[in-house]
Amino acid sequence: MLSPRSYVIGALSVLVLFIVGFCIQNVELVFPSKQEAPMDWSQKVVEKSIELEHCERKLLLKSGNMRKMGLNVLTPWLAPIIWDGIYNINILDKQHNGTRIGLFVFAVKKYIQFLPPFLKSAERYFMVGHNVTYYVFTDKVNDVVKPKMADGRILQLHNVDADQRWQDVSMRRMETLTIFTKEYMPNEIDYLICADVDMVFNDHVGVEILGDLVATLHPGYFLSEPKSFTYERRPISAACIPEGEGDFYYMAALYGGKVEEIYKLCMECQKGIMEDKKKGIEAVWQEESHLNRYLVYNKPTKILSPEYLWDTNLPNGEFIKKKRFLAVHKNHQQVRN
């Protein structure tokens, strides 16, 4: 017969074995440790690549009077500035599966000659694999030859009167956009990109450029101080941007966004153009001046670097690794007359 002492020792042994077994099976409850997610090495490589390219662009600065802000990947209001390598196009393509995209372009008078290469290059590089509607406005509808187009791509031709002065042709775009972004496009597309026709796509331009309100840095001013920007400065003009205001100088050759945001932009720009017209004046750079005025007080949610708008005649090309949308070299006097 076991003594009471033996019973106690046996019970304690069982209890110890139970506790040890519980601890082995539930080690995190007994000895808590910080849980670390598995390291995503691919993401780390991407982040390091972005950091290195960002540093490389800044190291290219030759003098202290060149502005660094245009080389950043983020604005002071936390909008991304899109440079090569800062996005994963495979992820973005999946996110925009089924997104409807519009490309708006004016091709009037002698500028009709630039439409065929523009459309051909767009079919090769612009939003490849996505649904695209080309909105082409021209005074020569019957002269347009439809290019070979991929599935999901639509060409819409719209007749528009050609104004006598090229400045009026330029400003006519805002009037046309105001009408179409209000009455027609909301039922047809989700995003609209507005572009100049005397350009060609030269490399990938995809859904990474889509956003609520998107503007493009002017390739001639992306390293300049704001005091050098060719804003409209006359207080009498509706496009006036006072000294000390403004962050970047944007070019009207490429901008875009959600249809409803483009409507707001065009409506305000058109309103300003008409106000100036009543006063018998014209902003220094027509619609581009009004565009910059709007974007100073309605910040873009995404900005495209000069990779997306470049002219090979310009200096500082060493900063631009990908020349995605290029100006066509031409005699401006000949095509405008």
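Let's start with strands β2 and β3, residues 100-106 and 131-138, which pair in the parallel sense over seven bridges. If you want one position to click on, take G102, whose bridge partner in β3 is T133. Everything I say today is about a predicted model, so please hear it that way.

Now zoom out to the sheet that holds this pair. Eight strands form an open sheet, and the order is β1-β9-β7-β8-β5-β2-β3-β4, with mixed pairing. At the edges stand β1, residues 81-82, and β4, residues 153-159; each has a single partner strand, so one side of each is left without a neighbour in the sheet.

Let me walk over to β7, residues 213-216. How is β7 joined to β8? Two bridges do it, and β7 and β8, residues 254-258, run antiparallel. In that pairing L213 stands opposite G257 of β8. With β9, residues 302-304, β7 pairs in the parallel sense over three bridges, and there A215 stands opposite I303.

So what about the two faces of β7, covered or not? As a reminder, in a regular strand the side chains alternate between the two faces of the sheet. In β7, L213 and A215 are on one side, V214 and T216 are on the other, and all of them are buried, so both faces are covered.

On to the helices that lie on these strands. Helix α5, residues 115-125, lies across β2, β3, β4 and β5, and runs at about 175° to β3. Which residues of α5 are buried? They are L115, F118, L119, S121, A122 and E123. These buried residues pack against β2, β3, β4 and β5, and also against β6, residues 199-201, and β10.

A second helix, α7, residues 259-279, lies across β5, β7 and β8, at about 125° to β8.

Then there is α8, residues 286-297. Here 10 of the 12 residues are buried, so the helix is largely enclosed by the rest of the structure. The buried set includes charged and polar names you might want to look at, among them E287, E288, S289, H290 and N292. L291, Y294, L295 and V296 are buried in α8 too.

Since many of you like backbone torsions, here are three positions to check. Most residues other than glycine have a negative phi. Q286 has a positive phi of about 50° and is not a glycine. Its place is in helix α8, and at 7% relative accessibility Q286 counts as buried, the cut-off being under 20%. K109 also has a positive phi, about 55°, and again is not a glycine. K109 sits in the loop between β2 and α5, where it is partly exposed, with a relative accessible area of 23%. Finally, M127 follows α5 and has a positive phi near 50°.

Two loop residues next. Is V145, in the loop between β3 and β4, buried or exposed? V145 is exposed, with a relative accessible area of 71%. V145 and P116 are 29 residues apart in sequence, and their C-alpha atoms are 7.5 Å apart in space.

E307 belongs to the loop between β9 and β10, the latter being residues 325-327. At 2% relative accessibility, E307 counts as buried. What is E307 in contact with, leaving aside its neighbours within four places in sequence? The list is I82, W83, D84, I320, K322, K323, R324 and F325.

Last topic: empty space inside. Rolling a probe the size of a water molecule over the atoms shows where such space is left. The count comes to three cavities of 30 Å³ or more. I'd like to show you the second largest cavity, which holds about 40 Å³ of space. Its lining is made of F104, R173, L177, C194, A195, D196, A252, Y255 and E287. Which elements each supply at least two residues of that lining? They are α6, residues 166-183, and β5, residues 191-195. By class, the lining has six nonpolar residues, no polar ones and three charged ones.

One link back before I stop: E287, in the lining of this cavity, is also one of the buried residues of α8. Thanks, everyone, and over to you for discussion.

Key
Residues numbered from 1 in each chain as written. Predicted model: local features only at pLDDT ≥ 70, side-chain atom pairs only at ≥ 80, totals over all residues. Heavy atoms only, no water. 1 Å grid on protein atoms, 1.4 Å probe; cavity = no way out; pocket = protein on both sides within 12 Å on 5 of 7 lines; lining within 4 Å. Points joined across faces, edges and corners; volume = space filled by probe spheres on them. Helix = DSSP H or I, 4+ residues; strand = E, 2+ residues; numbered from the N terminus. Buried < 20%, exposed > 50% of the residue type's maximum accessible area, 1.4 Å probe, protein only. Pairing = 2+ DSSP bridges. Contact = heavy atoms within 4.5 Å. Axes fitted to C-alpha atoms, helices over the stretch in contact; angles between N-to-C directions.
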